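Here's a quick tour for anyone meeting this protein for the first time. Have a look at the sequence and the model, then read on.

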Amino acid sequence: MTEAPTPSRPPGRPRSGVHAAVFAATLATVDELGYAHATVDRIAATAGVAKTTIYRRWPSKGALVVDCLLDAFGPVPLQDADRTEIMSSTIHWIAGKIAEPGVGDAFAGVFSDAVSDPTLRRVLSSRLQDPYRIALQDALDEPEDRVLFYIDVVVGTLLHRMGMTGVPMVDADVDALVDMILLFFANQ
């Protein structure tokens with residue numbers, strides 16, 4: 001009797017690339033419809049996956065968006081430079097990322113939802129803010145409260161501008177924000 005051939009892959013749908021497809025679909029859907037109207041159903045359809053595929057990986061739209069933002073932002077680009085360069089380049093990096101299609105809207109939306117959702121707030125804080133805060137604390141040799149203030153002012157200002165105008169902050173205003181932050185930290 002001849003043995004049945006061993007399948008080259010496990011049964012079921014291939015899973016490689018699911019995260020990338022879902023993250024791209026999330027940002028595209030948020031960019032097209034806005035955060036509030038970007039449902040998990042629509043994201044799943046855009047990604048070409050079942051809604052259950054998303055819910056097996058993320059318990060909520062908010063958790064999905066947090067991981068999507070982590071993917072979009074990637075690691076904080078901290079070069080071997082002085083404090084001024086690190087702070088300046090970080091502000092420009094954040095501004096550039098928030099300006100990418102869907103990213104600023106996704107960030108503002110999940111942030112807004114977290115205000116009244118303690119579970120999402122913990123996810124947002126521990127998964128998104130803490131890794132960047134810790135990296136900046138180490139790079140800037142600043143205490144946690146001062147780095148949190150830095151993050152609050154920079155991200156808050158950038159998201160506020162986008163929320164109020166619908167467009168990212170222009171380069172000249174980002175440069176002015178850098179000057180203000182550097183002045184504050186130089187005088188403290």
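Is Trp93 buried or exposed? With a relative accessible area of 15%, Trp93 is buried, since anything under 20% counts that way. We'll come back to its partners in a moment. One thing to keep in mind throughout is that this is a predicted model.

**The overall picture**

Let's start with the whole chain. The protein chain has nine helices and zero strands, so reading from the N terminus you simply get α-α-α-α-α-α-α-α-α. Measured out along the principal axes, the C-alpha atoms fill a box of roughly 80 × 35 × 30 Å. Of the 188 residues in the protein chain, 40% count as buried. Take the contacts between residues at least 6 apart in sequence: 64% of these join residues at least 24 apart.

**Two helices side by side**

Two packed helices are described by the angle between their axes and the distance between the axes. Try that on helix 4 (residues 61-73) and helix 7 (residues 118-140): their axes come within 9 Å and cross at roughly 10 degrees. That angle makes helix 4 roughly parallel to helix 7. Who touches whom? On the helix 4 side you'll find Gly62, Ala63, Val66, Asp67, Leu69, Leu70 and Phe73, and they meet Leu120, Val123, Leu124, Arg127, Leu128 and Tyr132 of helix 7. Sorted by kind, the residues of this contact are 10 nonpolar, one polar and two charged.

**Rings that pair up**

Now for the aromatic side chains. The count of aromatic pairs comes to eight, and here are two of them.

| Pair | Centre to centre | Angle between planes | Kind |
|---|---|---|---|
| Phe23 and Trp58 | 5.6 Å | 55 degrees | tilted |
| Phe73 and Trp93 | 5.6 Å | 80 degrees | edge-to-face |

Phe23 belongs to helix 1 (residues 18-33), while Trp58 is in the loop between helix 3 (51-57) and helix 4, so their pair ties together parts that are 35 residues apart in sequence. Phe23 counts as buried at 9% relative accessibility, and Trp58 is buried too, with a relative accessible area of 2%.

The other pair also links distant parts of the chain: Phe73 is in helix 4 and Trp93 in helix 5 (residues 83-99), 20 residues apart. Phe73 is buried, with a relative accessible area of 6%. Ring pairs also join Phe73 and Trp93 with Phe107 and Tyr132 in a cluster. You've already met two of these names, as Phe73 and Tyr132 are among the residues where helix 4 meets helix 7.

**A few charged residues**

Which ring does the charged end of Lys61 sit over? It's the ring of Tyr35, with the charged end of Lys61 4.0 Å from the ring centre.

Another lysine, Lys97, is found in helix 5. Lys97 is buried, with a relative accessible area of 18%. If you leave aside its neighbours within four places in sequence, Lys97 is in contact with Ala72, Phe73 and Val103. So Phe73 turns up once more, itself buried at a relative accessible area of 6%.

Last stop: Asp141, in the loop between helix 7 and helix 8 (144-165). Asp141 is exposed, with a relative accessible area of 69%. Its phi is near 55 degrees, a positive value in a residue other than glycine.

Note on methods. Residues numbered from 1 in each chain as written. Predicted model: local features only at pLDDT ≥ 70, side-chain atom pairs only at ≥ 80, totals over all residues. Heavy atoms only, no water. Axes fitted to C-alpha atoms, helices over the stretch in contact; angles between N-to-C directions. Helix = DSSP H or I, 4+ residues; strand = E, 2+ residues; numbered from the N terminus. Parallel < 35°, antiparallel > 145°, perpendicular 65-115°, else oblique. Contact = heavy atoms within 4.5 Å. Nonpolar A, V, L, I, M, F, W, Y, C, P; charged D, E, K, R; others polar. Phe/Tyr/Trp six-rings, centres within 6.5 Å; stacked < 30°, edge-to-face > 60°. Buried < 20%, exposed > 50% of the residue type's maximum accessible area, 1.4 Å probe, protein only. Lys NZ or Arg CZ within 6 Å of the ring centre and 35° of its normal.
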